[in-house]
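Let's take a walk through this structure together, beginning in its interior and working outward to how the pieces pack. Keep the 3D view open as you read.

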Amino acid sequence: MTSENKGAAQLTTAMMLSGTLGVFVVESGASPFNVVFFRVLFGALALGSYVVARGWLRGHGFTPRTLGLTVLGGVFIVFNWLLLFQSYENTSISVATVVYHTQPFYVVLLGALLFRERLTAAKVGWVAVAFAGLILVSGVTPGDFTSGGSYVVGVGQALLAALLYGLSTVVTKRVTGVRPHLIAFVQVLVGIPLLLPFADFGAMRGEGADWGWLVGLGVIHTGVMYVLLYAAYAKLPTAKIAVLAFVYPAVAMVMDWAVYGHHIGLVQALGVPLIVLASLKVTLPRSPRTPAAAPAPRTAAQPPEAASRTATPAGCEA
């Protein structure tokens, strides 16, 4: 198996795991605050064990500036998860996931707004196409706004979650010379003190087997999935990463249908290819010859493979 094929298998596995995230969240039976708290707790234990075992805490490469950016990105990531999991409750896993997959467009818009990155007319056009698809997928009607139902709130939560993910991505892109595993480890660590005041430990008593779902969110969907993602990114061109990222929402919709009987309607389904096409047009390199993103500059204490890719790649995971 070639290195690129191995990377494709790793990324596909990671995206398939990400697609089962919603089932783990719902089946845990815990509140969104508790779900995110225990995800970051068990996720920090899993990622921390991995980076310690690899000896990566020595010569970590953080500076006060990059550590501060990493912590800020972690705050965005934690609240992004919280809003996404709340959106599952108010809409469905399928709708929330597809709406959430508008992340790449926020990354483009935020990069232009905050860091004056070049925004072409073509990209603006594809963003408009994506949001047309979003309107169709959301299934929101004028009556939903007047009735004050939770469905509109859920769609808004998924959109806000995507915006926070985009903010985390553009901030974390500025962190260079640090392994992405260490960036992710710090970001989940941030969530422990951040959510501890809101965690309801009393509600967790006697949940029994439900703890397995929470442990799975931390160990599988945070520890194992991140390790697979970063191993894959080092082997794959940007174009293949962008395409394989859509395994995540596809699996999420299948799981939502298979486990809960939820599915999007025909009109909603028409919006999915619009979002997929626009996302690929925005994410893919302008030319097939464009190389994958180059590794960030490495510090003297780090080997070449320590160069960091973005720890929260747009549109790739929840």
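A good place to start is the inside of the protein. The largest nonpolar core holds 70 residues, and Leu-11, Leu-84 and Phe-85 make the most contacts inside it. Helix α4, which spans residues 64–90, supplies the largest share of this core, with 10 residues. Please bear in mind as you look around that this is a predicted model.

What does Leu-84 touch once its neighbours within four places in sequence are set aside? Its partners are Ala-96, Tyr-100, Ala-161, Tyr-248 and Ala-318. Apart from the largest core lies another one, made up of 15 residues, including Phe-105, Leu-134, Ile-275 and Val-282. As general background, nonpolar side chains tend to be buried together in soluble globular proteins.

Now step back to the whole chain. The protein chain has 14 helices and 0 strands, so if you read the elements from the N terminus on, you meet α after α. Of its 318 residues, 50% are buried. Among the contacts with a separation of 6 or more, 90% join residues that are 24 or more positions apart.

Helix α11, residues 210–233, is a helpful landmark for seeing how helices pack here. Begin with its partner α2, residues 21–28: the two axes lie 8 Å apart, at an angle of about 150 degrees. An angle over 145 degrees counts as roughly antiparallel, and that is why α2 is described as roughly antiparallel to α11. The crossing of α2 past α11 is left-handed. On the α2 side, the contact is made by Leu-21, Val-23, Phe-24, Val-25, Glu-27 and Ser-28, while α11 brings Asp-210, Trp-213, Leu-214, Gly-216, Leu-217 and His-221. Sorted by character, the residues of this contact between α2 and α11 are 7 nonpolar, 3 polar and 2 charged.

Next, follow α11 to helix α3, residues 32–53. Their axes come within 8 Å and cross at roughly 45 degrees, and α3 and α11 are therefore oblique to each other. The crossing of α3 and α11 is right-handed, whereas that of α2 and α11 is left-handed. Residues that α3 gives to the contact include Phe-38, Phe-42, Ala-46 and Tyr-50, and those from α11 include Trp-211, Val-215, Gly-218, Thr-222 and Tyr-226. Leu-214, Leu-217 and His-221 of α11 take part here too, and these three residues also belong to the contact with α2. The contact of α3 with α11 divides into 14 nonpolar residues, 5 polar and 1 charged.

Two single residues make good final stops. Is Ser-92 buried or exposed? You will find Ser-92 in the loop between α4 and α5, and its relative accessible area of 11% makes it buried. Leaving out residues up to four places away in sequence, Ser-92 touches Ser-87, Asp-256 and His-262.

The other stop is Ala-239, found in helix α12, residues 238–244. With a relative accessibility of 31%, Ala-239 counts as partly exposed. Although Leu-280 is 41 residues away along the chain, its C-alpha atom is separated from that of Ala-239 by 8.3 Å.

Key
Residues numbered from 1 in each chain as written. Predicted model: local features only at pLDDT ≥ 70, side-chain atom pairs only at ≥ 80, totals over all residues. Heavy atoms only, no water. Core = buried A, V, L, I, M, F, W, Y, C linked by side-chain atoms within 4.5 Å. Buried < 20%, exposed > 50% of the residue type's maximum accessible area, 1.4 Å probe, protein only. Helix = DSSP H or I, 4+ residues; strand = E, 2+ residues; numbered from the N terminus. Contact = heavy atoms within 4.5 Å. Axes fitted to C-alpha atoms, helices over the stretch in contact; angles between N-to-C directions. Parallel < 35°, antiparallel > 145°, perpendicular 65-115°, else oblique. Left-handed = near helix turned anticlockwise from the far one by under 90°. Nonpolar A, V, L, I, M, F, W, Y, C, P; charged D, E, K, R; others polar.
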